[in-house]
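Thanks for agreeing to look this one over. Below are some notes to read alongside the model, grouped by place.

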Amino acid sequence: MSAMRHFASAEIGIGHNGNPAKLPVLQPTIGPPMADIRKLYREAGCYAYDPALGQTGICRSAITYVDGESGVLLYRGYPIADLVERCSYVEICWLLLNGELPTAAQLERFTHDITHHTMVNEQLHAIYRGFRRDAHPMAVMCGVVGALAAFYHDGLDIFDPLHRMIASHRLIAKMPTIAAMAYKYSLGQPFVYPRNDLSYAENLLNMLFSVPCEAYRAPAAAARALEALLIIQADHEQNASTSAMRLVGSTRANPYACTAAAIAALWGPLHGGANEGVLETLAEIGTVDRIPEILRRAKDNSDPFRLMGFGHRVYKSYDPRAKVLRQRCYEILDALGQRDDPLLALAMELERVTLADDYFIERKLYPNVDFYSGIIFRALGLPPAMFTPVFAVARTVGWVAHWNEMIADPETRIFRPRQLYTGPVERALVAIDERAAHQPLVG
Ligand code: CMC
């Protein structure tokens, strides 16, 4: 539980009848205080209007802290750059789930648990075969992960901490297998079973890239690069997919259904789907001389086109995740022998030009995590359609950590936002033969 304290009540002048409302103000361990508006209607006779929830804290959480102005990202208090430098992904999973870094004995036991839950029920293979080969792997993952509930109906008591822990471990362990199977299915290649002698990242690479007819060993540089990406994408407080996990979880739905909802949210091009979009945009630009043309489109407010991999709701400075990945990008491409990739040169030039462009400067639009993760995923040999599935693998621990935190929080109630109604006021029903005279032409 966080050390959140109550401030003395603060008077906020928002009553619809002109009366100020007296609301408690909550003080987090770091970050700005928050007015507690739960009694706003009772006190002031009005609700709060905040579409997209940009100003609203939807929960208390002790997992991840983001300071968008200064570009800070902490998991359980530890800076992201230190974690990438010094920890393994499985260690980070323990940290996010349990609040502290594991001891050597705890890590050994946890690694064993995760490693020994990586296989999926053979019946799942039949579910894959129901999909078209050209299905997007995120569509396959939404379906397959939701279907997991059908295999574990004996472990779905969400108020039993043991059931919750087992479900969390299962999801973290099986997600790489599920993502890799979606890839193999799209290629028409046999599924590759997980290997318990490999690390989490090596095992994922092995399931993605090995075939039964020849030996495969993931390059050490590729495993290190993937490990860094997994850590960087493991959690990001109340982002859209984690909020989807919490929203669905608040109905007391099972964790597999909640995770399927989170995967669906992650798929969107404004969220995790942006990493696939970055590569599409770079391919569309093609050469450095076409950058001004694409920037003109991005800056035209009448054109829905957005420059993928730029901008963030919270970060109004350089995304700290992009900063870590940017530093590593050259190192990784060097190690993988891809330093001369013209796409990297194009990406660097695109970054340079946007950082000097008034439109991007005024709006504080910087490269985000998806800009560099897309480039690194490509260097690992993944096709763009597999970037977001691997992001989903990494983010699963964040989703389940938040879900566990929410279920254990006595303040949790079903999410049920309000709305600003703009439809007609109550009116009398008109008989069908008289309707034409009453309504504007529709349809
Ligand atoms: N390209 C061009 N213009 C942009 C972009 C962009 N990528 N991002 C924001 N803007 C403009 C936007 O048009 C608006 O301009 P104006 O004030 O003239 O109307 C202004 O910047 C503010 O943008 P916003 O849409 O109000 O910001 P938001 O907080 O609602 O959206 C965002 C955040 C991430 C959805 C948005 O920046 C975006 O669409 N970026 C591209 C998609 C992307 O890279 N997403 C990955 C986000 S990070 C990882 C993750 O979540 O998975």
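**Notes on the model**

1. Asp341 sits in the loop between helix H14 (320-335) and helix H15 (342-355); helices (H or I, at least four residues) and strands (E, at least two) are DSSP runs, numbered from the N terminus. Asp341 counts as buried because its relative accessibility is 17%, where buried means under 20% relative accessible area, exposed over 50%, and partly exposed in between (1.4 Å probe, protein chains only). From C-alpha to C-alpha, Asp341 is 8.9 Å from Ala379, although 38 residues separate the two in sequence.

2. A word on the basis of these notes. This is a predicted model, in which local features need pLDDT of at least 70 and side-chain atom pairs count only at pLDDT 80 or more, while totals for chains, interfaces and linings use all residues. Residues are numbered from 1 along each chain as its sequence is written, and side-chain values use heavy atoms, with hydrogens and water left out.

3. Now to the ligand. Its surroundings comprise 22 residues, and His271, Leu307, Gly309, Phe310 and Arg313 come nearest; a residue is near a molecule if one of its heavy atoms lies within 4 Å of it. By class, this shell around the ligand holds 11 nonpolar, seven polar and four charged residues. Here Ala, Val, Leu, Ile, Met, Phe, Trp, Tyr, Cys and Pro count as nonpolar, Asp, Glu, Lys and Arg as charged, and the others, Gly among them, as polar.

4. Which atoms of Gly309 lie 2.8 Å from an oxygen atom of the ligand, backbone or side chain? For Gly309 the partner is a backbone N or O atom. At Arg306, an N or O atom in the side chain is 2.9 Å from an oxygen atom of the ligand, and at Tyr359 a side-chain N or O atom is 3.0 Å from a nitrogen atom of the ligand. On its own the ligand has 930 Å² of accessible area, and the protein covers 77% of that (Shrake-Rupley method, 1.4 Å probe).

5. Please also look at the second largest pocket, with about 390 Å³ of space. A pocket is an open set of points on a 1 Å grid over the protein atoms alone, with protein on both sides within 12 Å along at least five of seven lines, and lining residues have an atom within 4 Å of a point. A volume is the space filled by probe spheres set on the points, which are joined across faces, edges and corners. There are 20 lining residues in the second largest pocket, and Arg76, Leu97, Asn404, Glu405 and Ala408 lie nearest its centre. The lining divides into 10 nonpolar, six polar and four charged residues. Helix H3 (89-98), helix H7 (161-187) and helix H18 (387-408) each supply at least two of them.

6. Two of these helices deserve a second look. H3 is mostly covered, with eight of its 10 residues buried; among them are Tyr89, Glu91, Trp94 and Leu96. Gly99 follows H3 and has a positive phi, near 95°. In helix H7, Arg164 is buried because its relative accessible area is 10%. The C-alpha atoms of Arg164 and Asn254 are 9.6 Å apart, with the two residues 90 places apart along the chain.

7. How many cavities of 30 Å³ or more does a search of the whole structure find? The search finds three, a cavity being a set of points where a 1.4 Å probe fits but cannot get out. The largest cavity holds about 50 Å³ of space. Its lining includes Met119, Glu122, His125, Met181 and Tyr193, and divides into seven nonpolar, two polar and one charged residue.

8. Thr118 lies in the loop between helix H4 (104-115) and helix H5 (123-129). It counts as buried because its relative accessibility is 7%. A polar atom of the Thr118 side chain is 2.9 Å from the backbone oxygen of Thr115, a polar contact (a pair of N or O atoms within 3.5 Å; within protein, one must be able to donate a hydrogen and the other to accept it, and residues adjacent in sequence count only if both atoms are side-chain atoms).

9. Lastly, some backbone angles to check. Leu53, a residue other than glycine, has a positive phi near 55°; it is found in the loop between helix H1 (40-44) and strand S6 (64-67). Glu237, also not a glycine, has a positive phi near 35°, and lies in the loop between helix H9 (220-232) and helix H10 (240-249).
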